[in-house]
Amino acid sequence: MTMLTATALSVVAQEVPQVANVLGRQNVSLNGKWNYIIDVQEEGYYDYRMNPTRWGFFRNAKPQRPEELIEYDFDKAATMNIPGDWCTQDERLFFYEGTVWFKKSFNHKKQEGRRTLLYFGAVNYDCRVWVNTREVGHHIGGFTPFNYDVTDQLKDGENVVIVKVDNKRHAEDVPTQIFDWWNYGGITRDVLLVEVPEVYIENYKLQLEKADAKARQRDISVAVQLNKPGERQLKVSIPELKLSQALTTDANGFASATIKVPAKNLMLWSPESPVRYRVELSLAAAAPALGDFVADSIGFRTVETRGKQILLNGKPVFLKGISIHEEKPNGGGRANSTADAHTLLSWAKELGCNFVRLAHYPHNEYAVREAERMGIMMWSEIPCYWTIAWTNPGTYANAQRQLTDMIRRDQNRANIIIWSIANETPHSKERDQFLGRLAQYARSLDNTRLISMAMEVTGASNYKNRLHDNMHEFVDVVSFNQYIGWYRDVNDAPKMEWEIPYDKPVIVSEFGGGAKYGYHGAKNQRWTEEFQENLYIENTAMLDKIDGLCGTTPWILKDFRSPRRVLDGIQDYYNRKGLFSDKGEKKKAFYVLKKWYEGK
Ligand code: GCU
């Protein structure tokens, strides 16, 4: 087989920092039907010598002469819904881990003085993007947004975007090779064309400063970063509070200020009253069309710790939580809409929750905003899950990038109160260095929220459980997972004692056990609803004895898909620890937790 050999494929580096609040900006959705080609051996990217080929599928080529050989045709290929994972849209791809190519044609009209950003809410996992056959970027990480400035690649009329997605797992990845959730591949969140002026508001942050409960005035700190350096005039307004603040950017295009507001006028965000204010940011320019404007709905609240308490707006709060995976409420598949989120969060509300743990990766923005609207506090986490490649600099850079993008996207969401940097990681000097650095980095990006991670019980004997973890130094909240009654010590929870030698609030970030909905029997019969119910009765009684317990997020709201759960007739590739079945049916343990939370 003769093929023209590869020459250096030039990537026109177009990635720009994640633009803030794309949902609050003028954008054109590219969601909908996309053609796709399953490419197991990456025939569309490599030649038979495994060198990147210049004749790849990104050319979207069509035979120009009768005898010309082109062995792919997107327009004859099947289509699937984007955003959406491929596992639940094509049964051939249910277990598939590999490369799939996507193609979308769209019309575009260029506008004078405007830039066009191609934005992806998330693509799992390794993604390469071409616009009109020019490669504009390469992104890894399945749960955070990224965008490219494609102004110079676009043309008036029909344009084509092609995306190569590969969800194969590797040891150096984040998450690493094994994890207890479904590796949904694909373009799992929105694809948008975002229109911005040449100079635009790239990033902004508004935060209520902590103050004494009797303070008559409150300070809202404002920070704005433009995409270009240089002095320019900005205005930040909160119309409802009749507040407006002029700012001038410095040589780096950065501006900050403090907006002062009479305390009596400001309603603070809390689960009981999830008040959000319309905030308007405008950038002046020579001509109105060249200026920038973005509006947002922002709640103002403070969160901090005091000894073993967590304080929301200065008052102690108990986090009545539940863990959630980002799966559609009925039947699996990646969730990616306000409607999906509303259903899942309403189930959590039915449980009596004021808090949810987003496991184990940043969930979609609709879910975070819907929870903010519904008054549900959140824990958001990056997938440093189990045994990450601690000494691999590329792995650290990847983890830090995901942390940056998670914080950057949701830093204005009042309901996010905890950033989590890891889950169930093995103790070692290398791990401590890796996570210690991440924790400090998170704090450097955002010192207005609490930092935590899900630790593990480090010693248990004679019914005494100890939690000793060097990472306690780096976190504000000491959180840990424990599975007494399921993975160990069945029926011993009532006898258990706890030693957690840190003067910090404690969250039990996971506990629970499996049950197949509708399977009934003795309470010592595994997989029955009665077994799970009893486990919850015993565990909640045990938790009440933990000194400094400020909250819990039992594992888990709903049965979710996992390739690690293979017990036929019971699991069938579902982790069955949900309090709801995968079809939204309540199990008996649901009522135990609901009752316990009524007492909190
Ligand atoms: C772990 C882990 C979860 C997992 C759960 C389980 O603690 O953090 O991701 O699903 O246990 O075993 O069900």
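**Exercise 1. Classify alanine 284 by its accessibility and place it in the chain.**

Alanine 284 has a relative accessibility of 49%, so it counts as partly exposed. The cut-off that matters here is the one for exposed residues, which is over 50%. The model under study is a predicted one. Next, the position: alanine 284 sits in the loop that runs between strand S17 (277–283) and strand S18 (292–298). Last, a neighbour in space: the C-alpha atom of alanine 284 is separated by 5.6 Å from that of glutamine 233, and the two residues are 51 residues apart along the chain.

**Exercise 2. Describe the surroundings of aspartate 446.**

Step 1 is to locate the residue. Aspartate 446 lies in the loop between helix H4 (429–445) and strand S26 (450–456).

Step 2 is to decide whether aspartate 446 is buried or exposed. Its relative accessible area is 0%, and therefore aspartate 446 is buried.

Step 3 is to list its partners. The side chain of aspartate 446 makes a polar contact of 2.8 Å with the side chain of arginine 449. Leaving aside residues up to four places away in sequence, aspartate 446 touches Lys205, Ile407 and Trp419.

**Exercise 3. Compare three salt bridges by the accessibility of their partners.**

The structure holds 52 salt bridges; three of them are worked through here.

- Pair one: arginine 92 and aspartate 90 meet through their side chains, at 2.6 Å from N to O. Arginine 92 counts as exposed because its relative accessibility is 60%. Aspartate 90, with a relative accessible area of 6%, is buried.
- Pair two: the side chains of aspartate 156 and lysine 109 form a salt bridge of 3.4 Å, N to O. This pair links distant parts of the chain, 47 residues apart: aspartate 156 is in the loop between strand S9 (146–149) and strand S10 (157–166), and lysine 109 is in the loop between S5 and strand S6 (114–120). Aspartate 156 is at 44% relative accessibility, so it counts as partly exposed. Lysine 109 is at 60% and so counts as exposed.
- Pair three: glutamate 135 bridges to arginine 128, with the closest N and O atoms 3.0 Å apart. Here both glutamate 135 and arginine 128 are buried.

Salt bridges can also share partners: Lys62, Asp73, Asp75, Lys76 and Lys103 are joined in this way into one network.

**Exercise 4. Find the nonpolar cores, then a nonpolar patch on the surface.**

Start with the cores. The largest nonpolar core has 84 residues, and Ile322 and Leu438 are those with the most contacts inside it. Apart from that core lies another one, of 31 residues, including Trp34, Trp86, Phe106 and Tyr184. In soluble globular proteins, nonpolar side chains tend to be buried together.

Take leucine 438 as the worked case. Not counting residues up to four places away in sequence, leucine 438 touches Ile382, Cys384, Tyr396, Ala399, Gln400, Leu403 and Ile421.

Now turn to the surface. Which residues form a nonpolar patch there? They are Phe95, Val566 and Tyr573, which together have about 290 Å² of accessible area. Phenylalanine 95 lies in the loop between strand S4 (79–82) and strand S5 (99–108). Its relative accessibility is 51%, so phenylalanine 95 counts as exposed.

How values were computed:
Residues numbered from 1 in each chain as written. Predicted model: local features only at pLDDT ≥ 70, side-chain atom pairs only at ≥ 80, totals over all residues. Heavy atoms only, no water. Patch = residues over 30% accessible without salt bridge, like charges linked within 9 Å, V, L, I, M, F, W, Y side chains within 5 Å. Areas by Shrake-Rupley, 256 points an atom, 1.4 Å probe, with all protein chains shown as cover. Salt bridge = Lys/Arg side-chain N within 4 Å of Asp/Glu carboxyl O. Helix = DSSP H or I, 4+ residues; strand = E, 2+ residues; numbered from the N terminus. Buried < 20%, exposed > 50% of the residue type's maximum accessible area, 1.4 Å probe, protein only. Polar contact = N/O pair within 3.5 Å; in protein donor to acceptor, adjacent residues only side chain to side chain. Contact = heavy atoms within 4.5 Å. Core = buried A, V, L, I, M, F, W, Y, C linked by side-chain atoms within 4.5 Å.
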